Structure formats: C-alpha cells, structure tokens
Amino acid sequence: MKKITVLGAGMVGKAIAIDLAKMYQVRSADISQAALDELSAQGIEGRQADLSNTDVIKEVVADADLVVGAVPGFMGFQMAKTVLEAGKNLVDISFFPEDIFLLDKLAKEKNVIAIFDCGVAPGLSNLVVGYHHQSMIIQNFECYVGGLPKTRQWPYQYKAPFSPIDVIEEYTRPARIIVGGKEVVKEALSECELMDFGPAGMLEAFNSDGLRSLVKTVDIPNMKEKTLRYPGHVEYMQVLRATGFFDKEPIMVNGQMVSPLDMTTKLLFPKWKLEKEEQEFTVMKILVEGKENGQLKRYTYDLYDEYDPITKTSSMARTTGYTCTAAVSLVLQGEMDRPGVYPPEFIGARPSCFKLMLQYLQERGVAFKIKEEILA
C-alpha cells in the first residue's frame, strides 16, 4: 500500500488525512499533539513534529511515496523545497507567496512531481481555466470565491476556515489582475462591489491575489479573482490596515518592541475561530468567455457547499482538501507522466484528468453546476 505523509493537521490537513486513509497508508505530522490525537482516534498514525525544522521534515517524510503540504503559507516554500530535496512527490495547498516555478528545476533534478496551489481557489479555478484553454480562445476569466459562517456575528461577520495568518495576507498582498493583456497591480481589498450569490445572499467582492500562476501560464487578455465576504467586512479591514494594525515592523510601546500584526492576530483570532460543528459554507462562481468552434460562448461554474454534519467536516476543508486528495490520486495512479512543477491549470489541460478530478469531488458531494451559453 502506498504511504503518504501529510504535513499539517489543521482543519484542512485533517480532512485530507481522513480522506486519503480510506485508500492509502497515511501518517500525519504536526506540532499540535491535540490535533494528532483527533486523527489517532480515527486510526491515523500521528507524529508530533516541528515542521519549521528542515531536518525534522526530512526525517518525517523519509519513507513516504508522496507528501501533502498543508502548513501555513509563511512556512510553505521552505517546506516544499525540503520535501523536493528529499526526492519526494508533493501535492501542496500552502499557498505561499513565493513563485512556485522557482522549484521547477529542483523537482526535475530529483525526478519528482510537485503540484502546487491545489485547493479551491487557487486550485479548482485554475483547473477550469486549463481545461477550457485547450478548446477555446478565452477572452475573459473571472473567479469569485469565499468561505463564510452561516450565522453573521457583529462586528466582522467572518470566521477563518483556514490559517488566519493567511487570511490577513489576502488583505495586504497586492492583487495581480490582467487587463487588456497586461498585468495590473491593484491594492488588496480594492474595487469592492456587491453581488447576489443565490443561496449565499448578497456579498461583497474585492480584489485579491488569487490568479497566482495563471498570470504566467495562460495568454488570456482579461483575468481577475475576487474574494467574497458579507457586506461591511471590507471597510473594517481597510480601517485596520490603514491604521497600521497589519504592519509587520515592530514599534515601541511602553518600552517594548511590538509587532502590530502579532498583536492584531492575537486579538482577532479568537473572534475569527470557527466553533466546533459551526455551520459554514463555500461559494464560488467562475466565468469563462471566449470563442469556441467559431462561436462566442460563456461557461459559468457555480459551486455552493455547506458544512457536512455527518462527517463533521467544514465546507472549506471539503472543497480545498478533496481537490488536493483528488490530485494525490492522479499522481499515485500514474496520470502525471513527467517530473516538474504542476500548477492546477496544467492538470486541467488534460481532459481526462479534469474529468477525473470533478468526478472525484462529485463522489464526495462537492459538485459544480455548469451552464453553457452562446453569446450574441
């Protein structure tokens, strides 16, 4: 039986380990023994480990056929580099800020496969682009996505379904979009607009840096990704950012050097923490427009997914985690036939792999509603 090591046992890492354990021998590694104990209760081997230590990572993954990276973004690049140096195949959801293609040469030298950004967005959104880019001349791509609690609580009306540190990164990292074939950098949280998302209701959409590898890998003249929140959330975040609460550089406070971001995270995280079995949902809309077989067409992919009360798995863990585990299965089944770095759009460019990924997700209750339109 194939052996998989999952680095990170947070909410999404836990869902990944549980799903993969149905088919493979899985070990989970994390600094938190409490998180590992939850998995141990389900028969999954745990290993308490400081994943910021490269020597520890190499030891933990030594006997793995494949490694899954599910650590916070600030740890992601070094973790991925260490795993590849150890000669291990990797599927990663860490969403680190560094360019994934910096690791392409290393992956090829080690003759291993490295799939990055393999979550919901980036991830599923890239997969859809890659699939349609093979059969149509895409002129416009838009992605709107968010994970939110069903119950809105003042003041933030938000809970973090993944690493809260990575959430704040979305609010500070400049957003790259493509306009008229040129890369344009927008301020995060900018160009906020209200949009109706059916069962999710009226939400506000703002610029975020979710295109990632698509900026380099496809020649589509107009592309943007926007994150979704309940109305009012963006203004709160803009005020905190403008005041300096998200700044990393320490400042002097009563004779002590304090990082504003560290203080802010300490205050915000308890308010943003999803409670046990708290109801939440993921909403996503993808628009792909262009010319196909001589006709102007628009494809719309709509996804609405909720917390699963039976398995007690959050929607964000399901949509992100099962996209990752679908990619793991592709690698272990030999569907990826060359070493190197794969962003999800490279997988989507293979129609058979695209269909296998969507089928895998559908079997777990994560399904798109797909609409095809001929435009005048």
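The paragraphs below lead from the overall dimensions of this predicted model to its open sheet, its nonpolar cores and one buried threonine.

The protein contains 13 helices and 18 strands, and its C-alpha trace spans about 60 × 55 × 40 Å along the principal axes. A compact globule of 376 residues would have a radius of gyration near 21 Å, and the protein, at 20 Å, therefore agrees with that expectation. Of these 376 residues, 56% are buried, and among the contacts with a separation of 6 or more, 65% are made by residues 24 or more positions apart.

An open sheet of seven strands, paired in parallel, follows the order E3-E2-E1-E4-E5-E6-E17. Its edges are formed by strand E3 (45-48) and strand E17 (340-342), each of which pairs on one side only, and the twist from one strand to the next averages 20°. Within this sheet, strand E5 (residues 89-92) and strand E6 (residues 113-115) run parallel and are joined by two bridges, with Val91 standing opposite Ile115 of E6. Helix H4 (residues 73-85) packs on the sheet, where the helix touches strand E1 (3-7), strand E4 (66-69), E5 and E6, and its direction makes about 160° with that of E5.

In soluble globular proteins, nonpolar side chains tend to be buried together. Here the largest nonpolar core comprises 67 residues, and those with the most contacts inside it are Ile4, Ile115 and Met284. Helix H11 (residues 315-332) gives the most to this core, contributing ten residues. A second core, separate from this one, has 27 residues, including Val60, Val67, Leu90 and Val341. Returning to Met284, its contacts beyond the neighbours within four places in sequence include Val120, Ala121 and Leu124, then Cys143, Tyr144 and Val145, and also Tyr301, Leu303 and Phe368.

Thr282 lies in strand E15 (residues 280-292), and because its relative accessibility is 0%, where buried means under 20%, this residue counts as buried. With what does the side chain of Thr282 make a polar contact? The partner is the side chain of Ser315, at 2.8 Å. When residues up to four places away in sequence are not counted, Thr282 touches Gly146, Gly147, Leu303, Tyr304, Asp305, Ser315, Met316 and Thr319. Leu303 is thus listed among the contacts of Thr282 and is also one of the residues in contact with Met284.

Terms used. Residues are numbered from 1 along each chain as its sequence is written. This is a predicted model: local features need pLDDT of at least 70, side-chain atom pairs count only at pLDDT 80 or more; totals for chains, interfaces and linings use all residues. Side-chain values use heavy atoms; hydrogens and water are left out. A nonpolar core is a set of buried Ala, Val, Leu, Ile, Met, Phe, Trp, Tyr and Cys residues joined through side-chain atoms within 4.5 Å. Buried means under 20% relative accessible area, exposed over 50%, partly exposed in between (1.4 Å probe, protein chains only). Helices (H or I, at least four residues) and strands (E, at least two) are DSSP runs, numbered from the N terminus. Contact means heavy atoms within 4.5 Å. A polar contact is a pair of N or O atoms within 3.5 Å; within protein, one must be able to donate a hydrogen and the other to accept it, and residues adjacent in sequence count only if both atoms are side-chain atoms. Two strands pair if DSSP finds at least two bridges between them. Axes are lines fitted to C-alpha atoms, for helices over the stretch in contact, and angles run from 0 to 180 degrees between N-to-C directions. The radius of gyration is taken over C-alpha atoms; the globule rule is 2.2 Å times the number of residues to the power 0.38.
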